[in-house]
Amino acid sequence: MMSIRNLRKSYGTGEGKVEVLKGINLEIKSGETLALVGKSGSGKSTLLSLMAGLDQADTGEIIINDKNLTTMKENEVTIFRAANMGIVFQQFHLVSTLTALENVLLPLELLKRANAYKTATELLNAVGLYTRGDHLPSQLSGGESQRVAMARALAIRPAILFADEPSGNLDEETGDKVMDLLFTMVAETNTTLVLVTHDTDLAHRCKRVIHLEHGSLS
Amino acid sequence: MIFRFFFIRELKKFPVFFFLLSFTILLGSLGLTGISIVSQEVREKLQSRAHELLTSDFAVTARRDLNPKEKEVLASTFKDIPHDHYRIVDIYSMITHLKAQQSRLAEIRSVEPGFPFFGKITLKEGKFSAEGLFISKDLESLWKVGMGDELQIGEIKIKVAGIVEDDSSLGLRGFSLAPRIYLPLKELERSGLLRPGATGSYAYHYRMPGITPARLSTLKSSIYKDIKDSGVKVVLPEDSSEQTGRVIENLTNFMSLSALIGLILSLVGIFYLYQSHLLARLKDLCLINLYGLSKSAILLGIIGQFSAIFLFVFILQILIIVPAYHLIMPTLSESLGLDLEGGINFKSVLQQLPFLYVLSLSILTPLLLGLMRTPMSTMLKAAKISMGRFRFYDFIPFVLLLWGFAWYLSNSLKTGNIFFFCLVVVFLLSTIIILGAQWVLRRFIAGKGLLMPTIEAGVAFRNLTRSGHKLTLSFLSLAMGATLISLILQLDHMIQGELALDENRPGLFVFDIQEEQIDELTEFSASQGTPLEAVTPMIRARLQNINGKKYVRKKNTSKIRNTREDDEENRQRNTGLNLTYRGYLSPSEKIVEGEPFPVRNSDEERLPLISLEKRWAQRMGLSIGDLVTFDIQGVELEGKVHNIREVKWTSFYPNFFVSVEPGYLDGAPKTYLAVLGAGFKQKKTEFQRSTVMKFPNISFIDVEEMVGKLSTLFQKSRAAIQVISLLSLSVGLVILYGLSHDQVYRRYYDLALMKSLGFSSNRLRLNLIFEFGTLFLGAMGVGLFLGWLMAQLIGKEVFKLPFSVNWAGLLWPGLVLSILCLATILVSSWRAVRAKPRELLSDS
């Protein structure tokens, strides 16, 4: 489903140049849940950004369902991401001027999916926020915001879901609830999950755990 | 630490912010400083020439010759003071160039030997004396009249003895009604032009070597004590320069208000720039607070930083203005007809500086208070750092200072108030419109999906309704900027239109017609195919009592500067007035309060009824039912105010502040005014010449020529105002960039997010165009409309101008500004739209 070959990424130039990823090779199967763990600065968030097409690699290839992300133009990546990927960020990242319902609706209507409104309402119901649909992000708690973000990420039934420390900004109890929900939904929809986390317990809820150290897989 | 943090590191780290801030302050205050410098120079030049303008140390003037008793007062006042004196009589009359067989109006200054005590009349050839006829070089070029040519003045014929090249007693060249000629006073007396009621001024001038200004003031008081007629005025050198400077003063006051518009826009810009900057720096500010720097020390640092920038900009301004002033000085001297010199006095600029600084600083008050309300120590733990909110009332100090500054700059409580309240009305109307539009839009999008019909538009509509007060403020700033630009353009159009040729306007304005000449002149003009119209008597009078209380000469004892209304009231109180009697309304007047004069029963015993011009009545505090007593050449006439009229003065029909019901003043000594209809352009010159030959004392004003003169004056003022308007517009554009940049900065986070969710760069741009295009077009539409509305109100109330629409003045600025706004948004958002989503998300 996803194949990463000799992926390299560095930041800065000259003496200040830092090589964050040093030739990553990785294969991810469809429906697999994969946890990327590692210390701060090990390059796991950078790897996730490259896999989700949020940034460009220096060299190497990322192939998803036979499409090479690294050779696509920026706009092609954007369109591909909209149709095939869902992303959950650590800081929720909801569009501040859209309500909870509209945030979920956004990726669906962007792809002009049929019954978008109904799907979004159902998803919001599934994450337990049906009554909060017309609330703006500023009126939601952290846990609620993250549940909206998950509903939005899964709305288009993506081939692959990227989650970057999704419970990192939540208290333990809320974090657990949100992660339970995430794993349930991923399982129900058989979505491939790539999860970046520090939390070893959380990582072990995934089928596969990969350690990243100084930009290389160990 | 404060110095290092706020002055060195900040400057190094945010050069763009400091550049934009300095540029905004510079553009906003440049106009005001420039105007201040130029008006100060003109004022000083006129003051330094005060003695030359008056030509003596002391003058006693009246619109009639002094009576024997008044002459006795002067004789006894100056009895023990060594002095020289002469008389000057200034009248406007027709003169005829006999060789060319042409007649035209001239200002005849008739003088006695000794003139001038101060200053110099320089001739092209030869030397000036009070014994010959000398004409101005303007008349020479207009008429091709030269030395030795014969002119007819009244009943005398006299040869030109010289051409005046330079006349130090002229204030602002080009601002006079007609070219000036010098004639010996004894010749004027022979000419037969000094008939009772002739339009002129009689002055007794004195030179008193070694006299002190204090002594002059004592003499002035003493004469005022002994001569009660407020129509007799004592003029000191400083009064003379003040009169001349009033034209410039009024112009600069209005220009200052136009420049204030630029300043307000720049203050909005400063507010936004600092808001964005403080938001970007908030994390660091919270950190230095955490490490021990108190909030008040942080505020002090910000105020100090702003003050330093303000001072730097002020110095920069001076460095720009000094060479610029030298560059425009020749043009300015030419336009004003005043020989300005190289040196610049910064007194007025330095006087203005504290006001400007405090006003500019006051716009930061809401932000500084918002910073004070920020829980800095806990903010670092929050998911998203945000500044404490400022409240509506935080703007009160700024608003009050702005009001005060409008008074100061306009030198008029009335104009300052009108300006300020217009701003308030525009602000309130714009607020109502944007809030109303947001309410309607909210209703429209409720319960609907994002496709309206495109997702870009759907998201844009939501942003427009949910972006809170920042978007409202952007709308208001843009709308107010557009209002002010539109106001300037529309008023300009209206005044231009008013000065354009009007077929209904009379061709000639006739004055100084003696009573016994009326029938003959009417017959004569009818025989020439140009019948006399609007024949109106004019009677010289003096306001004596209001409701039985004596109306006295007002002493100006105030040490502080007078407002324009004070000066106006003093002038009204201290001068006599001309009134008329007529039972009908001229085509250029209408009753706005009260009823027309009723038909009078001949045996009815009652006070005469009086009609007053609206603004004059307001100035004098008169209303319907008030009793007013006039002294008409020694005879008292008491009347009752019966109605109030509005008069369109630019019609050039004979109109008066005071009109008395017919039947009471028919026997009073008077002259007549009349007009001759338009449409006889070719015959106009011939008609004037033949009338003057028959009636030498009658004078004409060529209305077309007069309007042309006014138009030229207006063009000069307009050019100056346009420079200021352009400056304001430039400030507006810089501010626009700041606003757009700020709006995009706030959207960085959402833009990045939408990109990560699948919006391509083009779709993001389209979304921005939808959102800001609607905002800008709305703001422009509202602003341009309100500016037009204000122009109509001001035009109607102040200038009595008819309703008009300058479509080009509405559409072009609207189009240009909207395109510029959108271009600004696209430029500002270029980086955000093109950047990688990861980069933006980490930035946020």
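In this predicted model, 48% of the 218 residues of chain A count as buried. The chain is built from 7 helices and 10 strands. Much of its contact map is long-range: taking contacts with a separation of 6 or more, 69% link residues 24 or more positions apart.

One piece of the strand content is an open, antiparallel sheet of 4 strands in chain A, running β2-β1-β4-β5. The edges belong to β2 (18-28) and β5 (67-68), and since each has a single partner strand, one side of each is left without a neighbour in the sheet. At the β5 end, strand β4 (residues 59-64) is held to β5(A) by 2 bridges, again antiparallel, and Ile64(A) has Lys67(A) as its bridge partner there. Elsewhere in chain A the pairing goes the other way: strand β6 (residues 85-88) runs parallel to β7 (residues 160-164), with 4 bridges between them. One of the bridge partnerships puts Gly86(A) opposite Leu161(A) of β7(A). Along β6(A), Met85(A) and Ile87(A) point one way, Gly86(A) and Val88(A) point the other, and all of them are buried.

Now for the helix that sits at the meeting point of the two chains. Helix α3 of chain A (residues 100-110) is mostly covered, with 11 of its 11 residues buried. That tally takes in Glu102(A), Asn103(A) and Glu109(A) as well as leucines such as Leu101(A), Leu105(A) and Leu108(A). The cover comes from both chains: it includes α2 (74-84), α4 (116-126) and α5 (142-154) of chain A, along with α15 (455-466) of chain B. After α3(A) comes Lys112(A), with a positive phi near 55°.

The same helix turns up again at the interface, where 26 residues of chain A are in contact with 22 residues of chain B. On the chain A side, the elements giving two or more residues are α2, α3 and α4, and α3(A) has the largest share, with 6 residues. Sorted by class, that side of chain A has 13 nonpolar, 9 polar and 4 charged residues.

As for the nonpolar interior, the largest core holds 174 residues, and the members touching the most others are Leu36(A), Val104(A), Phe162(A) and Val194(A). The top contributor, though, is from chain B: helix α8 (residues 237-290) gives 17 residues. In soluble globular proteins, nonpolar side chains tend to be buried together. Leu36(A) shows who its distant neighbours are: beyond four places in sequence, Leu36(A) touches Lys44(A), Leu47(A), Leu48(A), Val194(A), Leu195(A), Val196(A), Ile210(A) and Leu212(A).

Over in chain B, helix α10 (residues 347-362) has 16 residues and covers 24 Å from first C-alpha to last, close to the 22 Å expected. α10(B) has a kink of about 30° at Leu353(B), shortly before Pro354(B). Its buried residues are Val349(B), Gln352(B), Leu356(B), Leu359(B) and Ser360(B). Further along the chain, Leu784(B) belongs to helix α22 (residues 761-797). Leu784(B) counts as buried because 24 other C-beta atoms lie within 10 Å, and the cut-off for buried is 20 or more. Its C-alpha is separated by 8.1 Å from that of Leu484(B), 300 residues away along the chain. Leaving aside neighbours within four places in sequence, Leu784(B) is in contact with Ala482(B), Ser486(B), Leu810(B), Pro813(B) and Gly814(B).

A few backbone oddities round out the picture. Most residues other than glycine have a negative phi, and most peptide bonds are trans. Two peptide bonds in chain B are cis: Phe115(B) to Pro116(B), with omega about -10°, and Met452(B) to Pro453(B), with omega near -15°. Pro116(B) lies in the loop between β3 (102-111) and β4 (121-123), while Pro453(B) is in the loop between α14 (413-445) and α15. Positive phi values crop up at His214(A), about 50°, and at Thr55(B), near 75°. Both are loop residues: His214(A) falls between β9 (208-213) and β10 (216-217) of chain A, and Thr55(B) between α3 (50-54) and β1 (58-62) of chain B. Their surroundings set them apart, however. His214(A) is partly exposed because there are 14 C-beta neighbours inside 10 Å, whereas Thr55(B), with 25 such neighbours, counts as buried.

How values were computed. Residues are numbered from 1 along each chain as its sequence is written. Chains are lettered from A and ligands numbered from 1 in the order in which they are written. This is a predicted model: local features need pLDDT of at least 70, side-chain atom pairs count only at pLDDT 80 or more; totals for chains, interfaces and linings use all residues. A nonpolar core is a set of buried Ala, Val, Leu, Ile, Met, Phe, Trp, Tyr and Cys residues joined through C-beta atoms within 7 Å. A residue is buried if 20 or more other C-beta atoms lie within 10 Å of its own, exposed if 12 or fewer, and partly exposed in between; C-beta atoms are placed from the backbone. Two residues are in contact if their C-beta atoms, placed from the backbone, lie within 7 Å. The expected span of a helix is 1.5 Å times one less than its number of residues. The bend at a residue is the angle between axes fitted to the seven residues ending there and the seven starting there. Ala, Val, Leu, Ile, Met, Phe, Trp, Tyr, Cys and Pro count as nonpolar, Asp, Glu, Lys and Arg as charged, and the others, Gly among them, as polar. Two strands pair if DSSP finds at least two bridges between them.
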